[in-house]
Amino acid sequence: MRKIITICLASSLVFSVQASVVTDISTGSTSTTVVTTPVLNDVVAEDALREFKSLSRTEKKARMKEVRKMLREYKATKKAGGEVSTNQVLLGILCVLLPPLAVGLHQGEINGKFWLSLLLTLLFWLPGVIYALIVVFG
């Protein structure tokens with residue numbers, strides 16, 4: 001668990017979005033530009049981990065609290081149904097090919113909807129597909 005939190009912390013350091021306010025002197029207008037960091041690769045992740053390990057103990061604890069808070073917020077949003085990015089086309093294809101897998105991926109856990117989808121798919125394939133489409137798109 002500690003390793004997962006450390007990796008989340010490193011990725012949050014790497015993928016942080018920085019906004020800077022630019023003021024045009026001639027017109028007096030302000031604009032905000034968003035600069036994102038490059039894609040995560042091994043070198044960037046190792047640098048972020050090295051930076052995290054070089055922090056003092058109190059700074060590490062503070063960052064770990066931030067990561068835990070972000071993780072709780074993410075889980076709450078996911079549970080509330082506000083998933084960040086679900087590829088609906090892929091889930092639609094999976095609904096036709098493997099309905100229980102599509103329902104399981106959409107729900108994010110193995111629950112009653114998954115088991116019902118599995119039962120309907122094993123009994124008759126078409127009801128399983130219809131139920132999976134209803135769960136994923138409905």
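1. Positive patch: Arg 57, Lys 61, Lys 65, Arg 68, Lys 69 and Arg 72 make up a positive patch on the surface of this predicted model. Patch members need over 30% relative accessible area and no salt bridge, with like charges joined within 9 Å and nonpolar side chains (Val, Leu, Ile, Met, Phe, Trp, Tyr) within 5 Å. Lys and Arg count as positive and Asp and Glu as negative, with His and the chain ends not counted; a charge is placed at NZ of Lys, CZ of Arg, CG of Asp or CD of Glu. Arg 68 sits in helix H3 (residues 57-80) and is partly exposed because its relative accessibility is 40%. For reference, buried is under 20% relative accessible area, exposed over 50%, and partly exposed in between (1.4 Å probe, protein chains only).

2. Ground rules: Residues are numbered from 1 along each chain as its sequence is written, and side-chain values use heavy atoms, without hydrogens and water. The model being predicted, local features need pLDDT of at least 70 and side-chain atom pairs pLDDT 80 or more, while totals for chains, interfaces and linings use all residues.

3. Overall layout: The chain has seven helices and two strands, in the order α-β-β-α-α-α-α-α-α. These are DSSP runs numbered from the N terminus: helices are H or I with at least four residues, strands E with at least two. Of its 138 residues, 22% are buried.

4. Nonpolar patch: Here Val 89, Ile 93, Val 96, Leu 97, Leu 98, Leu 101, Leu 105, Trp 125, Leu 126, Ile 130 and Ile 134 join up, with about 1100 Å² of accessible area together. Helices H4 (88-97), H5 (99-107) and H7 (125-137) each give two or more residues to this patch. Accessible areas come from Shrake-Rupley with a 1.4 Å probe, and for residues only the protein chains shown count as cover. Ile 130, in H7, is partly exposed, as its relative accessible area is 45%.

5. What about the other side of H5? Its buried residues are Pro 99, Pro 100, Ala 102, Val 103, Gly 104 and His 106, and they pack against H4, helix H6 (112-123) and H7. Contact here means heavy atoms within 4.5 Å. After H5 comes Gly 108, with a positive phi near 85°.

6. Salt bridge: There's one in the structure, between Arg 50 and Asp 47, with the closest N and O atoms 2.8 Å apart. The criterion is a side-chain nitrogen of Lys or Arg within 4 Å of a carboxyl oxygen of Asp or Glu. Both partners lie in helix H2 (residues 42-53), three residues apart.
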